[in-house]
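Colleague: I would like to learn how to read surface and interior features from a set of coordinates. Could we go through them one at a time?

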Amino acid sequence: MDQFSGFRVNEIDGQVTTTIEKLALNDLSKGDVLIKTAYSSVNYKDSLAIKENGGVIRDYPMIPGIDLSGTVLSSKDDRFEAGQPVLVTGYGLGVTHTGGFAEVARVPGDWIVPLPNELSLKEAMIFGTAGFTAALSVQALENHGLAQNKEAEILITGASGGVASLAIAMLKKRGYHNITALSRKKSAIDTLKKIGATRVLLMNEFMPDKIKPLAKQTIDFAIDTVGGEILAAILPQLRYGGCIAMCGNAAGIKLTTTVLPFILRGANLLGIDSVNVPMKQRLAIWQRLATDLNVCHHELVNEITLQALPQTLEQLQAGTHVGRTIVKIS
């Protein structure tokens with residue numbers, strides 16, 4: 001393909017701009033494998049990529065998009081062949097390396113996951129980084145005792161977002177009975193219950209007037225996609241030996257807390273990184289997404305084109321976006 005369309009971010013005189021342009025292969029970062037992109041997905045990190053001082057992109061111009069699925073056009077890597085369906089998430093994609101918001105991508109072979117047989121290219125992007133992160137979080141909690149307790153009290157924050165809504169659906173599919181969704185959106189209550197939440201709490205119902213070092217023990221496990229004060233409020237409520245899978249920072253990167261939940265109740269704070277996961281673990285998680293964690297027929301999925309990207313990215317920044325949005329590229 002001599003020319004193809006792509007969504008590009010540039011910085012001119014300190015102003016960040018976005019355009020849909022006709023691009024050429026020379027506009028792509030180096031790599032071993034050329035991919036015809038079928039779908040990408042929209043993540044909170046992508047919304048930061050088009051924001052001034054967003055902290056994601058440092059070198060311009062850049063094609064954002066931290067996820068993609070598609071078919072191999074050509075490969076210098078013997079592990080991949082033309083026509084093979086593949087997916088890529090994380091690493092430097094859409095950050096330091098041209099990403100998924102273009103009809104063609106070029107990436108290192110070491111970043112590529114062969115598409116599991118049970119998934120379509122579209123279904124892979126319904127998951128994308130959000131689903132991958134949700135699955136990592138669920139697995140981390142199951143490895144720390146959740147798997148043995150189907151009656152555990154589980155809290156999911158930022159519940160109407162992509163990671164959290166997928167995590168709720170996964171936990172329901174895995175047979176857990178007490179899933180509490182924490183959301184700012186009253187309008188999302190019915191939908192959250194439909195996808196698997198047994199109870200929905202609004203922020204004013206959950207956040208105390210003052211966060212104490214220790215509080216009543218009500219939570220066994222949590223997946224926190226938000227961070228900041230919300231994480232600080234969860235820690236004192238963990239039951240003895242409880243665990244939090246920490247995978248987001250939409251409410252800020254600072255954490256003000258005490259050591260007491262850790263040394264008096266044996267609390268565990270498990271960091272979840274989806275960017276640099278080793279390939280062996282990455283392949284195993286994608287196989288789970290294709291099988292026992294497969295919730296790709298998700299209630300909160302919206303499909304758009306590249307032309308609708310700016311509006312969706314603005315909604316993510318404004319906190320009004322709900323669920324998952326996938327981008328049909330070609």
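Modeller: Let us begin at the surface of this predicted model, where L255, V259, F262, I263, L264 and L269 make a nonpolar patch of about 520 Å².

Colleague: Which helix gives the largest share of the nonpolar patch?

Modeller: Helix α7, which spans residues 260-264, supplies that share with three residues. L255, another member of the patch, is found in the loop between β12 (238-246) and α7.

Colleague: How exposed is L255?

Modeller: Partly exposed is the term for values between the 20% and 50% limits of relative accessible area, and L255 is placed in that class because its relative accessible area is 36%.

Colleague: Turning to the interior, how many residues does the largest nonpolar core have, and which of them have the most contacts inside it?

Modeller: The largest nonpolar core has 59 residues, and those with the most contacts inside it are F127, I168, M170, L171, L192, I223 and W286. Helix α2 (residues 121-143) contributes the largest share of this core, with 13 residues. A second core, separate from that one, has 19 residues, including F4, L34, I304 and L316.

Colleague: What is F127 in contact with, leaving aside its neighbours within four places in sequence?

Modeller: With those neighbours set aside, F127 is in contact with L119, F132, L166, M170, W286, L289, L293, N294, V295, C296 and R324. Two names in that list, M170 and W286, also appear with F127 among the residues that have the most contacts inside the largest core.

Colleague: How should I read a polar side chain such as S165; is S165 buried or exposed?

Modeller: Buried means under 20% relative accessible area, and S165, which is found in helix α3 (residues 162-173), is buried because its value is 0%. A polar atom of the S165 side chain lies 3.3 Å from the backbone oxygen of G162. Beyond the neighbours within four places in sequence, S165 is in contact with A159, I195, H298, L300 and G323.

Colleague: Where does S274 lie, and with which side chain does the side chain of S274 make a polar contact?

Modeller: S274 lies in the loop between β13 (268-271) and α8 (279-290), and the polar contact of its side chain is with the side chain of T133, at 3.4 Å. S274 counts as buried because its relative accessibility is 13%, a value to be read against the limit of under 20%. Not counting residues up to four places away in sequence, S274 touches G90, T129, F132, T133, L136 and R282.

Technical notes: Residues are numbered from 1 along each chain as its sequence is written. This is a predicted model: local features need pLDDT of at least 70, side-chain atom pairs count only at pLDDT 80 or more; totals for chains, interfaces and linings use all residues. Side-chain values use heavy atoms; hydrogens and water are left out. A nonpolar core is a set of buried Ala, Val, Leu, Ile, Met, Phe, Trp, Tyr and Cys residues joined through side-chain atoms within 4.5 Å. Buried means under 20% relative accessible area, exposed over 50%, partly exposed in between (1.4 Å probe, protein chains only). Helices (H or I, at least four residues) and strands (E, at least two) are DSSP runs, numbered from the N terminus. Contact means heavy atoms within 4.5 Å. A polar contact is a pair of N or O atoms within 3.5 Å; within protein, one must be able to donate a hydrogen and the other to accept it, and residues adjacent in sequence count only if both atoms are side-chain atoms. Patches are made of residues with over 30% relative accessible area and no salt bridge: like charges are joined within 9 Å, nonpolar side chains (Val, Leu, Ile, Met, Phe, Trp, Tyr) within 5 Å. Accessible areas come from the Shrake-Rupley method with a 1.4 Å probe; for residues, only the protein chains shown count as cover. A salt bridge is a side-chain nitrogen of Lys or Arg within 4 Å of a carboxyl oxygen of Asp or Glu.
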